[in-house]
Amino acid sequence: MQAAVIVFPGINRERDMARTLKLVSGREPAMVWHADTALPAGTDLVVVPGGFSYGDYLRCGAIAARAPIMDAVRAHAAKGGLVLGVCNGFQIICEAGLLPGVLMRNQNLKFICRDVYLRVERSDTPFTRGYNAGQVIRVPVAHGEGNYIADGKTIARLEGEGRVLFRYASPDGMIDPDWNHNGAINAIAGILNDEGNVLGMMPHPENHVEPSMGCTDGRGLFAGLVDHLKQAA
Amino acid sequence: MKRKPSTPPRVTPALVAVHGLKPDEYERLKSLIGRAPKFTELGIFSAMWNEHCSYKSSKIHLKTLPTTASWVIQGPGENAGVIDIGDGLACIFKMESHNHPSYIEPYQGATTGVGGILRDVFTMGARPIACLNALSFGAPSHPKTRQLVGGVVAGIGGYGNSFGVPTVGGEVRFHTRYDGNCLVNAMAVGIAEKDKIFYAAASGVGMPIVYLGSKTGRDGIHGATMASAEFDDDSDEKRPTVQVGDPFSEKLLLEACLEIMAKDCVIAIQDMGAAGLTCSAVEMGAKGDLGVTLELDDVPCRESGMTAYEMMLSESQERMLMVLKPEKEKEAEAIFRKWGLDFAIVGKTTPTKRFIVKHNGKVVADLPIKELGDEAPVYDRPHAETPKQPVLKAADVVPPMNTAEALIKLVGSPDLCSRRWVWEQYDHVILGNTVQRPGGDAAVVRVNDGPKALALTADVTPRYCEADPFEGGKQAVAEAWRNLTAVGATPLAVTDNLNFGNPERPEIMGQLVGCIRGIGEACTALEFPVVSGNVSLYNETNGRAILPTPTIGGVGVLDNFEGSASLTFKAADQAILLVGETKGWLGQSIYLSEICEREEGAPPPVDLAAERRNGDFVRTLIAEGVATAVHDVSDGGLLVALAEMAMASGIGADLDRAPIVAHAFWFGEDQARYVLTVDPGEAGQIVDRANAAGVLAREIGTTGGDALAIADDRSIPIAKLRESFESWLPSFTAGGHP
């Protein structure tokens, strides 16, 4: 799996992501500067990592979504290439029009960093084939603006087409407002585009991949992508 | 509209006083330069000679601290301290206060505190890997406290989260003596290659001096002077002297600085912190025995029409000054442009040892550079020793409630309750190296990809320092050392952040002197040298001083993070051991203040020999893999420590009867103690080994169940403890009654 990690000014989880990609796929990802206009040839997966691109000034992800490299990312997605946006990356790809909806401030108006539980809704996608449907995984979140919302029609479509891949849940997989830390509608933590090749999610699976760091629940996402690409090749 | 530069005001005694210079200090200034200063020169002197920059009241006492060891690469006097952690790596760290700005404008005061300390660390070539902080607030019932807690915590998170460094630990306390003057002490820790550390001393004549980072504005002018004055009721009026933090610019500055350092472009580098351009330029020249000439017309400014005085004293954030290798100018400039930052050559080094500042073609300052830095006044201020308090006998403390009720109340008290509400607002997992998250004795952060790790903590017990500065100073160091030991780390060095009242009062000076003596004695005994630090004086409002608060930031190393110990009980049926002697010391304990509503008595003394013996023994057990859970016993005493272990794991304990007066045994705050668990079959021989090593150890119970069950006493359910422990801070900050 050849991955490309996009680096915008103010992004700060690109190292976490690069380490995880290397660890799981065995290959060093390319780090691609925001001012570039092309992705490295042979890129299988584009990752837009977490952080505070442009300081989150103006609106989270709004400036990064208009960076020169984003045309290449959109073209990659249009060709069916895989795109993963995590945290600020999710905000950026929403702003870039690759996914519907927006991320509002957490309902308690505070930044929240903690481990949360996610229910994996489907296992038949490139991003979730490493998990079982209904499986509950534990991964950290670290965001102030992760409260997903879209208009009623869009939500109905996302739900109807099974495009909600992750939901905030209790440790035993129940959807419960007490376990939905940011107040996202329908406890949505991650969604897929209509072609099924672009995933945006708020939590950080890349921070839970090493046994020695306490939890490996995030590994399945990356291992699944590696398997998917191997099979496709 | 462009403002015309106005004529600078005449230097009068009133103007000198406004600049915080005492009449005798002004006379000294005049005799050093042989004439009366110009307006800009007066500003420069006031910036260099205030307490914050010159350490004039503390210097002679700080000199007594132990600062060397074979692993110390750089002690106090640079941007931060540097220690060797093996494998060619160095740890660079420092703690600094941002107290006054945080009281005036809590969010921005805290952000710029974090920004400033991060710059101190990456200026030396280190990539920051962790931040900690120690916060002291007024009584929960004070009308400003809730707003300060919310603002400061949000500010610390707002900066660190965006900059991209995990905030992994610290402490929070409440006491009425901080009502008018909260404390915000921020610590940053970074890692660099041992042979690639950058210093502030300039070298070479005619070398270009480069201005890096954000533009200069009119913010924070005379911030350092404000930080060196007491507060009164009008202090809120000082809001314009607080700067605004921009973590985005700082993140860019970090990446750009590390990039030009990697490309070997830098001769010397210094961040612009307190007293901005003045302090950084003077320090670079003075440390390198060189003169400096600055051309202010070349300084990137945010506003037009800024005067020389304003530019020299601005404390705009996210700026650096660097002496560049001339042949690398193009390369360095390209890197800064790539990151969208200002890069301007604003001066050069000279052989004259003069600090010359030019603006609009005129020389606005021409001063001797060594004298500005090194000849600042130094005072041996009169100091009165704090009177000793009598030792409080346990028999003189009548328990007003039973053990179970007292424990539930204690774990839900402002000083002992869960800090989750605070640290969940800090990204503590970014960089993917946080092995032990907040909530334990010390944070453990993996270095690069491991297996090496650092253990980090920040500690002080101000009520002990108030009652006995010498013992309190010792205790702050001992507790930091103990917290590092409790996770299995070898303690290496400390940074000290000394927060006190007005040093011109002999009783306050006595506290400072006593604490420094105690810190020195403990650091010597524990081979735990001081490598960096900061002094914050004049923490008073309307004549009432804060509790003496010498915060100690400790750093230790683990060869393999997988061998670190944590405080959670790992399984049922483990034997629980108590290491260290328990006399039942209730003087100055939290039990006494929270349960008996009394603050009195001598604080627990620290026997440094026992501290070392006990700690070394515990660390050996951890290294051998024998200790399955470890927790130091501190605030609240033994039963609070056990409750924390039970709450963290969900596993309870059956505890033997107290061998001495129960409330003194369970809640006394005797020092040099640890609770640990071991496999049941090992307990006997470990106690024997302890005795052979001169360490007191005894078995006090067994893990298991869902409650703390003390023989012949009421059982205390973990669920009930957790409810009390987790509820106070969220409810208080949401507006609940304190």
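The following dialogue examines how several descriptions of this predicted model are justified.

Trainee: Why is Ser249(B) called buried?

Mentor: Buried means under 20% relative accessible area. Ser249(B) has 11%, and therefore counts as buried. The residue belongs to helix 10 (residues 247-262) of chain B. Leaving aside neighbours within four places in sequence, Ser249(B) is in contact with Ser214(B), Glu318(B) and Leu341(B).

Trainee: Why is helix 3 (residues 88-95) of chain A described as mostly covered?

Mentor: The description rests on a count: eight of its eight residues are buried. These are Asn88(A), Gly89(A), Phe90(A), Gln91(A), Ile92(A), Ile93(A), Cys94(A) and Glu95(A). Gly97(A), with a positive phi near 85°, follows helix 3 of chain A.

Trainee: What makes Tyr57(A), Leu58(A) and Ile63(A) a nonpolar patch?

Mentor: Nonpolar side chains are joined into a patch within 5 Å, provided that each residue has over 30% relative accessible area and no salt bridge. Tyr57(A) illustrates the accessibility requirement with its 36%, a value that makes this residue partly exposed. Together, Tyr57(A), Leu58(A) and Ile63(A) present about 310 Å² of accessible area on the surface. Tyr57(A) is located in the loop between strand 3 (45-48) and helix 2 (69-78) of chain A.

Trainee: How do you know that Arg122(A) and Asp124(A) form a salt bridge?

Mentor: The criterion is a side-chain nitrogen of Lys or Arg within 4 Å of a carboxyl oxygen of Asp or Glu. For Arg122(A) and Asp124(A), the N to O distance is 2.8 Å, so the pair satisfies the cut-off of 4 Å. By this rule, 61 salt bridges are counted over all chains.

Trainee: Why are Arg122(A) and Asp124(A) placed in separate exposure classes?

Mentor: Exposed means over 50%, and partly exposed lies between that value and the 20% limit for buried residues. Asp124(A), at 56%, is therefore exposed. Arg122(A), at 24%, is therefore partly exposed.

Trainee: What parts of chain B does the salt bridge between Arg302(B) and Asp219(B) tie together?

Mentor: The side chains of Arg302(B) and Asp219(B) meet at 3.1 Å, N to O. Arg302(B) lies in the loop between strand 9 (291-295) and helix 12 (308-313) of chain B, and Asp219(B) in the loop between strand 7 (208-213) and helix 9 (223-226) of chain B, so the pair ties together parts that are 83 residues apart in sequence. Asp219(B) is buried, at 13%, whereas Arg302(B) is partly exposed, at 47%.

Trainee: How many residues apart are Arg612(B) and Asp616(B) within their helix?

Mentor: Both residues lie in helix 21 (residues 608-623) of chain B, four residues apart, which is about one turn of the helix. The closest N and O atoms of their salt bridge are 3.5 Å apart, so the pair meets the 4 Å criterion. Arg612(B), at 26%, is partly exposed, and Asp616(B) is partly exposed at 28%. Elsewhere, salt bridges that share partners join Arg114(A), Arg420(B), Glu424(B) and Glu726(B) into one network.

Trainee: Why are strand 1 (72-74) and strand 5 (167-174) of chain B said to stand at the edges of their sheet?

Mentor: The six strands form an open sheet in the order 1-2-3-6-4-5, with mixed pairing. Strand 1 and strand 5 of chain B each have a single partner strand, so one side of each lacks a neighbour in the sheet. On average, neighbouring strands of this sheet are turned by 20° against each other, direction ignored.

Trainee: How do you know that strand 1 and strand 2 (residues 81-86) of chain B are paired?

Mentor: Pairing requires at least two bridges. Strand 1 and strand 2 of chain B are joined by two bridges and run antiparallel, so the requirement is met. Val72(B) has Ile83(B), in strand 2 of chain B, as its bridge partner.

Trainee: What makes Pro76(B) partly exposed?

Mentor: Its relative accessible area is 43%, and this value is therefore between the limits of 20% and 50%. Pro76(B) lies in the loop between strand 1 and strand 2 of chain B. Beyond neighbours within four places in sequence, Pro76(B) is in contact with Thr67(B), Val530(B), Val531(B) and Ser532(B).

Definitions and conventions. Residues are numbered from 1 along each chain as its sequence is written. Chains are lettered from A and ligands numbered from 1 in the order in which they are written. This is a predicted model: local features need pLDDT of at least 70, side-chain atom pairs count only at pLDDT 80 or more; totals for chains, interfaces and linings use all residues. Side-chain values use heavy atoms; hydrogens and water are left out. Patches are made of residues with over 30% relative accessible area and no salt bridge: like charges are joined within 9 Å, nonpolar side chains (Val, Leu, Ile, Met, Phe, Trp, Tyr) within 5 Å. Accessible areas come from the Shrake-Rupley method with a 1.4 Å probe; for residues, only the protein chains shown count as cover. Buried means under 20% relative accessible area, exposed over 50%, partly exposed in between (1.4 Å probe, protein chains only). Axes are lines fitted to C-alpha atoms, for helices over the stretch in contact, and angles run from 0 to 180 degrees between N-to-C directions. Contact means heavy atoms within 4.5 Å.
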